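Got your viewer open and a free hand on the mouse? Let's take a walk through this one together, one selection at a time.

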Amino acid sequence: MAALYQINIRKALADARLQSAIYASTGRLMDHRRHAMAPDALPDYQELRTQANLIKKHTIENLDHYLEQFEVQVAAHGGKVVWAKDGGEVVEFLGELAKEKGARLIVKSKSMTTEEIDLNERLGHQHLETVETDLGEYIIQLAGERPYHIVAPALHLTRYEVAEIFTRHLGVENETAPEKLTKIARATLRQKFLAADIGVTGANFLVADSGAVVLVENEGNARMSTTAPRIHVAVAGIEKLVPRAQDLAVFLKLLGRSATGQPLTVYTSFLSGPRRGEEIDGPDEFYVVLLDNGRTRVLADRDKRQSLYCIRCGACLNHCPVYRKIGGHNYPWVYSGPIGAIISPQFMGLTHDPWLPFASSLCGACAEVCPVKIDIPRLLLELRSEVVKAEERQPGRRLERLAFRAWAWVMRHPRIYEMLGLAAGALMGEGDGKGWLSRAPALMNWGPLRAWLSQRDLPPAGRSFRQLWRVRSARVKS
Amino acid sequence: MSREYVLHKTRTALGRNVGQAPAPAPPVRLRIPQVDVEVRLANFFQALEKLAGKTSRAGSPAEARAYVAALIGDRPAVASNAPFLRECGIPGLPSVRTDFTGREALRAVCATADFGITSADYALADTGTLVLLSSSQEARMISLLPPVHVALVPRERLLTGLDELLTLLPQPSEQTSSMVLITGPSRTADIEQILVRGVHGPGEIHVVVV
């Protein structure tokens, strides 16, 4: 019996439209990144990566210090830091804040952290309307889906599907041109911005020495969310800190280029505290919610804590041969792709989806493009080893252990190994250009062997290495 | 309390004590290239035009005023209180409204104006970026709500790039609650990775370097 995730993955693989949508979009993002990172466009790219890695490492290793410094600085600029163990506490805080201020409508700019805690749905239970304002997020909110990609949430939908979603939920004419669709969203959301009481954002960076929230975006919805409503609440994971505003010179150069190939995104907002005395506009109240939600558990592992360096650029997704085939919704949590494969098990616990760290060919493309140099393939291997260790303690693994013990014995007995090899070759017959194992006799197409063989194949059997070696040795001697 | 809980768990995970000083941070990395002002100007225009920004050079404040007058015609515009706009005579243009000090009044005007006119505290040559610090002279909304943003920038405010900006302003939060870097018109590629300009912010941006 195939597991549910296997059925879903097969469905995605068989969907030609979806396959070409994923392939085209990630391909374009890869091209854009490659141009932006070309040696003549950014000669010191590798130096910047090294510096970004050093800063993240330093910050994470001294995180308690920077969290406290950040809190002091936010307060010094008239804002307030709120600490949250988990999503429940974020919801509780926002619910109480809304009640106290008589707020009904919340506008939101794109944030993976709030996706992680299902913020919209949970606020909905408290009769608060939460509207996503990034175009991609707005589309998938209307469609009732979760983001397909860290940077491009609606990457899997065509314009025709978006048109249908808009017609169904907004009662507008069926328009399929992206310009028209964008205009519809602009007009609808403009009214929401002007009516909203609270703007909720995430944070790309939190700056300890300034008490500042840094937001990076292209559409202007984060600026609207932090300018139009009276209250701004930023929800951010504790790992988002950088020590100094000046460190942004490194991170901003890497983030836009890695994500979409932009040297800088259209808007970079550096926000600290509410509107000050003389300033004409801006919010009256400014809160930053610092969220743990499993991050301190990740911190405890000296090596794997580097998972927290991630700046959510999405480059590892675009370059991952597995993500590009199975797509974003086949990962068990909101974080997809290689980074999702290493952080999901660490945040949620290994038992949740033990197959996840194995869903990788370990090709290393993710590590190569990571702007903060997270060694994703090695962390995947470590997680695999943890999964196996945990499973070994369970009784159901006897057959596999037996098989490997037998294999080890065969490998230590060269004569028997060779005989088995010859026997297998004879059993398969001569090659006909097609796969080898796929033509295996019914005997081998049984039970646990079939599961193993269904994913593996070999070219037609020729002469074995040992045979070739003997021929060669004989020739050299003569 | 969650504050103590999160901090305690963080310290335990890292093996650190309450109030323990951090290890020395890696030195800041800022590199400011030497670029002649004419080259800077050319770079700025090139970068912004690549993003479909409209650029123009004005020899004098009067020329800048003429550019703006021709652009907006008699359509409604809102201008910030920046002294440089005053110097260029922008408030004198017939369809321009300015001198707003209250948020609500400004919001109502910005919501219906066709043009938002501002200056900029700095501009970054290598990326074609405008830097605006929120103050009594520059509001956040003027460069955000109207569909077209027009910025008049004196040429001595043109910096080489981000590194020079952060060298001049090592802590922007000391000066303002909001510093925004604007690099081209508002855009999205959320539908099929097809570029569309003018989502929530202005779809058109004009920069006049004076």
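Here is a tour in a few stops, and keep in mind throughout that the model is predicted.

**Stop 1: where the chains meet**

Start by colouring chain A and chain B separately, then select the residues in contact. You should pick up 95 residues from chain A and 76 residues from chain B. The size of an interface is often given as the accessible area lost when the parts come together. Here, the area buried between chain A and chain B is about 7,500 Å², and carbon and sulfur atoms give 55% of that. Now highlight R223(A), Q246(A) and I280(A): these three supply 10% of the area that chain A buries against chain B, more than any other three residues.

**Stop 2: charges and polar pairs across the interface**

How many salt bridges cross the interface of chain A and chain B? The rule finds 10. To see a salt bridge up close, select R3(B) and E71(A), whose side chains meet at 2.7 Å, N to O. Side chains of opposite charge can pair when their charged atoms come close. Polar contacts join in as well, with 46 residue pairs counted between chain A and chain B.

Next, select helix 10 of chain A, residues 178–195. With 9 residues, this helix gives the largest share of the side of chain A that touches chain B. Colour that whole side by residue type and you get 41 nonpolar, 25 polar and 29 charged residues.

**Stop 3: strands that pair between chains**

Switch to a cartoon view and pick strand 9 of chain A (residues 267–271) along with strand 9 of chain B (residues 178–182). The two run antiparallel, joined by 5 bridges. Zoom in on L271(A) and you'll find S178(B) standing opposite, in strand 9 of chain B.

**Stop 4: a sheet in chain B**

Stay with chain B and look for an open sheet of 6 strands, in the order 1-12-7-4-2-3, with parallel pairing. Strand 1 (54–57) and strand 3 (96–97) of chain B stand at the edges, each with a single partner strand, so one side of each has no neighbour in the sheet. For a look at one edge, select strand 2 (residues 77–79) and strand 3 of chain B, which are parallel and share 2 bridges. There, A77(B) has V96(B) as its bridge partner.

**Stop 5: back inside chain A**

Over all chains the structure holds 37 salt bridges. One to select is R230(A) with D284(A), at 3.5 Å, N to O. The partners lie 54 residues apart: R230(A) is in the loop between helix 11 and strand 7 of chain A, while D284(A) is in the loop between strand 9 and strand 10.

Last, show the cysteines. How many disulfides are there over all chains? The count is 0. Try C363(A), whose nearest cysteine sulfur, that of C366(A), is 6.3 Å away. For C370(A), the nearest is that of C313(A), 6.5 Å away.

Methods
Residues are numbered from 1 along each chain as its sequence is written. Chains are lettered from A and ligands numbered from 1 in the order in which they are written. This is a predicted model: local features need pLDDT of at least 70, side-chain atom pairs count only at pLDDT 80 or more; totals for chains, interfaces and linings use all residues. Side-chain values use heavy atoms; hydrogens and water are left out. Contact means heavy atoms within 4.5 Å. Buried area is the accessible area (1.4 Å probe) that two parts lose on being put together, summed over both. A salt bridge is a side-chain nitrogen of Lys or Arg within 4 Å of a carboxyl oxygen of Asp or Glu. A polar contact is a pair of N or O atoms within 3.5 Å; within protein, one must be able to donate a hydrogen and the other to accept it, and residues adjacent in sequence count only if both atoms are side-chain atoms. Helices (H or I, at least four residues) and strands (E, at least two) are DSSP runs, numbered from the N terminus. Ala, Val, Leu, Ile, Met, Phe, Trp, Tyr, Cys and Pro count as nonpolar, Asp, Glu, Lys and Arg as charged, and the others, Gly among them, as polar. Two strands pair if DSSP finds at least two bridges between them. A disulfide is a pair of cysteine sulfur atoms within 2.5 Å.
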